[in-house]
Each structure stands twice: as structure tokens, then as C-alpha cells.
Amino acid sequence: MLLLALGLAVLMALPGQAAARMAFEKLTDYDFAGTTYYSVKNLSLYECQGWCREEADCQAAAFSFVVNPLSPSQETHCQLQNDSSAANPSAAPQRSANMYYMVKLQLRSENVCHRPWSFERVPNKIIRGLDNALIYTSTKEACLSACLNEKRFICRSVEYDYNNMKCVLSDSDRRSSGQFVQLVDAQGTDYFENLCLKPAQACKNTRSFANARMGVSEEKVAQYVGLHYYTDKELQVTSESACRLACEIESEFLCRSFLYLGQPQGAQYNCRLYHLDHKTLPDGPSTYLNHERPLIDHGEPIGQYFENQCEKSAASAGAGSGSTPPGTLDKIDTLPVSLDTIEDPNLTNMTRNDVNCDKTGTCYDVSVHCKDTRIAVQVRTNKPFNGRIYALGRSETCNIDVINSDAFRLDLTMIGQDCNTQSVTGVYSNTVVLQHHSVVMTKADKIYKVKCTYDMSSKNITFGMMPIRDPDMIHINSSPEAPPPRIRILDTRQREVETVRIGDRLNFRIEIPEDTPYGIFARSCVAMAKDARTSFKIIDDDGCPTDPTIFPGFTADGNALQSTYEAFRFTESYGVIFQCNVKYCLGPCEPAVCEWNMESFESLGRRRRRSIESNNTKSEDHMNISQEILVLDFGDEKREFFKADPSTDFAKDKTVTIIEPCPTKTSVLALAVTCALMILLYISTLFCYYMKKWMQPHKIVA
């Protein structure tokens, strides 16, 4: 099903929303089922990934490398897949040794890095108790984009729950120190690490490199790394410190470890850089523990292996120097970490316990005023507030940006979809969010359930925290194959108009591009008043006009539909909004047979039956489109209430153009004849007056 809303004001992109950019996620030692359309051996990892990036059909790339113990060397195999189950949350990944599985993504962020992959994915895992921000997004891609766009803290990891559409952002990852960090099983939730971080951002505090201590001898770990790690970059250095520095400043990928093979010998490389460490491997330290030595020892140097480590902060180190009470780790494991705001030291216990106050010391006095056509939510704060207030689920169409203000108001419309106000037997309710951040919700934000009851004398507000839901869940689905229709209203000169007079003859058109194989038909067309309180169905659900004298049925004009009607408006509204349900046919659509006053006629309101049978996949595609027009009567432009009434929005948002009819030859000729007759009458009157006066006998005065 396709839903598209087109109107006088076309849907705009969300503020700050970037165009989708290509990126990749990578899984280590995991594989997904897919359809391989091309495979090639002995490519490098980055050649394989770059090939998939350039191929439009490539959805994923599986890169494997097999160790030949007789060499020892690595033989690589690159498989490009045009179909992958990695995007299916219910698909189970398979363990696969020495495998990097890279999935193509489209992320809406300007911060997508130019690295081979932007995120490392671990399926069905989470780290508990380290959440900084919780949002709800309709897609995994939106969640990952939110991490890249986060500005309040450095987002190092993400968890996405596919079933509940829950997205958790954190400034910690598996390498964070000073806290109990452990990956735990969580079916239906994937863990992602941000690999677009700068080298200096890889750790919260100081980043260092040291020998990996994991209960396995350093020699055995180094030997495994030399054989089973894919080398991201090789170079020749003069010392171990130079190899360490090369890993620290590496920018083409996030370097997690390096292997130093000793002093250089001839032209051979002695420094290998890796994006892996033992925490990246699914089995962790057990990977090295279960590894056996190669069959043949060639006497080559094993080298020294170093991994990055995140140092503890001074506060964490001091806290950890004393004894740890029983159960401390359990508490740390479940408590979330928040860097949203700093708690105000002047808070009193009363303020902390007040549901209307947040951790920053900001308290909210929320009141509701129930009006005839809207619900006014008035907010006062004890300190200036910066952020936004909006209706939950309608953050794009029903919101107010607040800048350093301690008093502000949001008006919720009671009818229509702008604010999504719900009504049941006279009770109108909505959910209002007071949000500090421009994009995401945090635990410092407040959510209120507001309610107006119109069949009782009391009108009150109900307070209560509710599950947070992201406005991105309410989205528009569109098909790249179905062309978007649009409504155009033309005058007799075929000019598109926005302001007309009652009775003007207009041509109502629904158009799609000419170079498309589709035909369209329209049904369920409604004319609504600007305030949405009055509506009139002009085309019924079968595609027939309800009153052809007001709005005739549609006829075909190429790929377009058109109907010629005379402009009308509603009693208390200047704006008239037309909304139609448009469906597609493969080829011309079959018209509906309609009846009016005992007569039958055709209207394009039904699809051709054979198109349903021949193309079932397109049979249910439809779009809801709308258009608005301003209809005036003579003298409306001079009326004071029309100029000043803000409810019309026309004086403020657009220039009102009053269309005056041009004089015709007939009207000019009639005016000339009228003027000539009036002049002739005037001359005749003067002539009669003077003749009468001249004919009268003059009196003789004695």
C-alpha cells in the first residue's frame, strides 16, 4: 500500500535531515544466506568491498580467507550477493570461520565516514546498563543514523530491538573500562559499534596499547594473529614504537591492534595493522585457547601482538581502589549511564521527588485550556527552557520550537491529522512531549497525557509517563515504480490558480507523468473546509459523482483525469481542500458506469478488470492526494475580518490575488452605447428647457 500526501505545501524533509548515503555494516565470523551472482578469488578485502560498493545490484559481500598451513599464506574468496537475508530480523546468521560479511546500507547522515564499513554488527547481543539515549525508530538504518548524528555525547555503540523498534545509544562499548561491560544474549536485538570514530575517540579516556592478557600465552596469541587475522595494512618501521604510532594515527580504518615482527630484514614488512582485537571475535579469548600450532614451522618470527586498551578515569580509579561491597557489580550492570545533563546542585529533595521536575532542576507547570476548536497546552517553567514541545507522533506538523523561554504554548487541533488528537464520546485526548534535544528523547524529557471532556463541566489534565515513540514510525511508504500523482486546478486559460471567485469555471486535473505505462482512476474524493469541520463527498467509493451539477465525473485526458466544475466554497471557510484516493492500472483504466436522474454516464472511477488479473502486484497500490484552493466572493477583499482574521492564514502566509474579469468587446460596446444615450438625453433636456423659456411671452413692466 502506498500512502502519499501532496498539497499546496508539499511535505518537507525533516530539519537537518541529510540525503541517504551509502555505508556498510560488517559481521566478523558470521555469514547470512544469500544469492551469489559473482565470485572471484585472490582479491583483497578492500577490493571486494569496493566492488560491491560500485555494483548497484550488490546487496552484500562475503569475504573469506583460508589459511594454507603448507605456505603459510591466505587464499581469499570474494562473493557478491544481489539478495541477502541479513536485512531480515528473523533470519539466523551462521557461524563461519575467517569470514567478513559486509551488508550495504543507506544512512541519512552527513557523518558517514569514507571507511570500508561504518558499523560492526554483533547479532542477538546487547550490553546492559550503559544507555545514554532511548528512542524508537522504524528502521535499523534510522537508528544507526541517529548514532552518527548524535552531538551531545560520542555515540560509540547502538542496540536495535527489531520487534519493539527500540533504539539505544551509548557512549560505551565492549572496551569501556571502569564499568562492568559484558555482551549478553538478547534474541531479536543486534549490537553495533561505531567504526566512524576518530582514533582519539576510540576510548572515553586515555587509549593505550599493551599485550593482551587473557589467560593465553602471548606467543600463542601472536601466532594465531599472524595466521588468522586479515592484515589491513603492512608497512616497514624501525621500531615497535613506530608501529604503535602508525596504529594510533591510522585514519583509513579504526586500528584496534598491531603485530610487530621485529627489526626489519631487507625489504620485508615488519608491522601489520588490524581492525580486529580479541573482543571483536565471537569466541573472545577462547579463539586463541583452542587454536593449534601450524603443521609446519618455517622459522619465521612470530612477533609481538598489542591491543588497544581504554584506561580508567581518575575518578573511576579512585573509586575502585577501596573494597567493593557485595552486589556492587550487579547494581552497576543495571544502572544506566546518562550524559544528557548535569544535575543542578541546588536541587532540594522536594524538587527531586516532584514528577513535574527533571534532574536539571527545571520544573514544569502544565495547564490545559479547552477551546471550541483546539486544545491549548500552556507551559510555564521556573527557569528558561530550550528545546521543543510537540504532539507525540506528529512532531513535524504539530510542534513549537522554544528558545530560552519560561512561558510557551502549543495549540492542538481537535479534528484532522495535524496533531492526531483522539476523540471518544466527547473526550479529546493527546500526548505532549517536552523535549530538550532537537532529535532524540532522553530521560530528562517529560511526557504528558492531556485530555479535554466536553460533555462534563470539568476539564482537566492527566499526568503520567508513557512509553516513548519516535515520530519516524509514522512514515510514508512509496514505490519507486509507481509515479506520484498530483492535483492541479486550472482556469479557462489553462493557468494554475490558487485563489478564485465563487462561480469561476475551473478544470480539476489529476496528473501523472506521460511517459509511464500506468493509468489512474480516482474515487472517494472529498471537499473539506479549511477548518476540517465541514466536508462534502464529491466522488463516491465507486468513482461516481455524488452530484454532477456541483462536481461532474472524471474524464480521461491522456494519462490524466479531469473534471470541469464551477468554484464553490463552504459557508464559514474560504479555503477548500480536495482529497482523492488514486489507484493505478497497468494501461488505461475502465470507467465506472454511474446513474443520475435516470440517466447513465461513465466516470473514470474503476480499474480495468483484466489489469487486476494480469498484475496482482500492482492492484492494491494507491495514493491519497490533496490540494487546497482559496475561494472568495465579491467584496471579500475589502472586509476587515478577512484581513485580520489569523485563522484564515492567508494574509500571513501568502499573497491573496483577487482575480478581476477582463472586459469583453460586448461589454465595452454596451458601455459606449449607454454613455451616448445619456449624453443625448442630457442635450435633449437642455434643448427643451431653453425652447420652453424662449416660447414664453415676456412680461411688460409699466
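Helices (H or I, at least four residues) and strands (E, at least two) are DSSP runs, numbered from the N terminus. What you have open is a predicted model, in which local features need pLDDT of at least 70 and side-chain atom pairs count only at pLDDT 80 or more, while totals for chains, interfaces and linings use all residues. Residues are numbered from 1 along each chain as its sequence is written, and side-chain values use heavy atoms, with hydrogens and water left out.

**The whole chain**

Begin with everything shown: the protein has 12 helices and 35 strands. Of its 702 residues, 44% are buried, where buried means under 20% relative accessible area, exposed over 50%, and partly exposed in between (1.4 Å probe, protein chains only). Taking contact to mean heavy atoms within 4.5 Å, 68% of the contacts between residues at least 6 apart in sequence join residues at least 24 apart.

**Strand 22**

Select S429, which lies in strand 22 (residues 427-435). This serine counts as buried because its relative accessible area is 15%. Leaving aside neighbours within four places in sequence, S429 is in contact with T421, Q422, K449, V450 and K451.

**Helix 1 and P116**

Move to helix 1, residues 45-54, whose buried residues are L45, C48, Q49 and C52. Looking down the axis of helix 1, you will find these buried residues within an arc of 95 degrees, so they line one face of the helix; the arc is that of the directions from the helix axis to the C-beta atoms.

Next select P116, in the loop between strand 5 (94-108) and strand 6 (119-122). With 11% relative accessibility, P116 is buried as well. Residues up to four places away in sequence not counted, P116 touches F24, Y46, Q49, R53 and E252. To see how the chain returns to this place, add C196: its C-alpha atom is separated by 9.8 Å from that of P116, although the two residues are 80 residues apart along the chain.

**A sheet of five strands**

Now display strands 13 to 17, which form an open sheet of 5 strands in the order 13-17-15-16-14, with antiparallel pairing; two strands pair if DSSP finds at least two bridges between them. Strand 13 (207-210) and strand 14 (233-235) stand at the edges and have a single partner strand each, so one side of each is left without a neighbour in the sheet. Neighbouring strands here are turned by 20 degrees against each other on average, direction ignored.

Within this sheet, strand 15 (residues 257-260) and strand 17 (residues 304-310) run antiparallel and are joined by 4 bridges; L259 has Y305 in strand 17 as its bridge partner. Helix 4 (residues 240-249) packs on the sheet, touching strands including strand 16 (271-274), and its direction makes about 155 degrees with that of strand 15. Axes are lines fitted to C-alpha atoms, for helices over the stretch in contact, and angles run from 0 to 180 degrees between N-to-C directions.

**A sheet of four strands**

Further along, select the open sheet of 4 strands with the order 25-27-31-30, where the pairing is antiparallel. Its edge strands, strand 25 (486-490) and strand 30 (555-557), each pair on one side only. Strand 25 is joined by 5 bridges to strand 27 (residues 505-511), and I487 stands opposite I510 in strand 27.

**Residues 668-690**

Finish at residues 668-690, which UniProt lists as "transmembrane region" in an unreviewed entry; UniProt positions are given in the numbering used here, feature names are shortened, and annotations may be inferred rather than shown by experiment. In the model, this stretch is 100% helix and 0% strand, with its end C-alpha atoms 34 Å apart.
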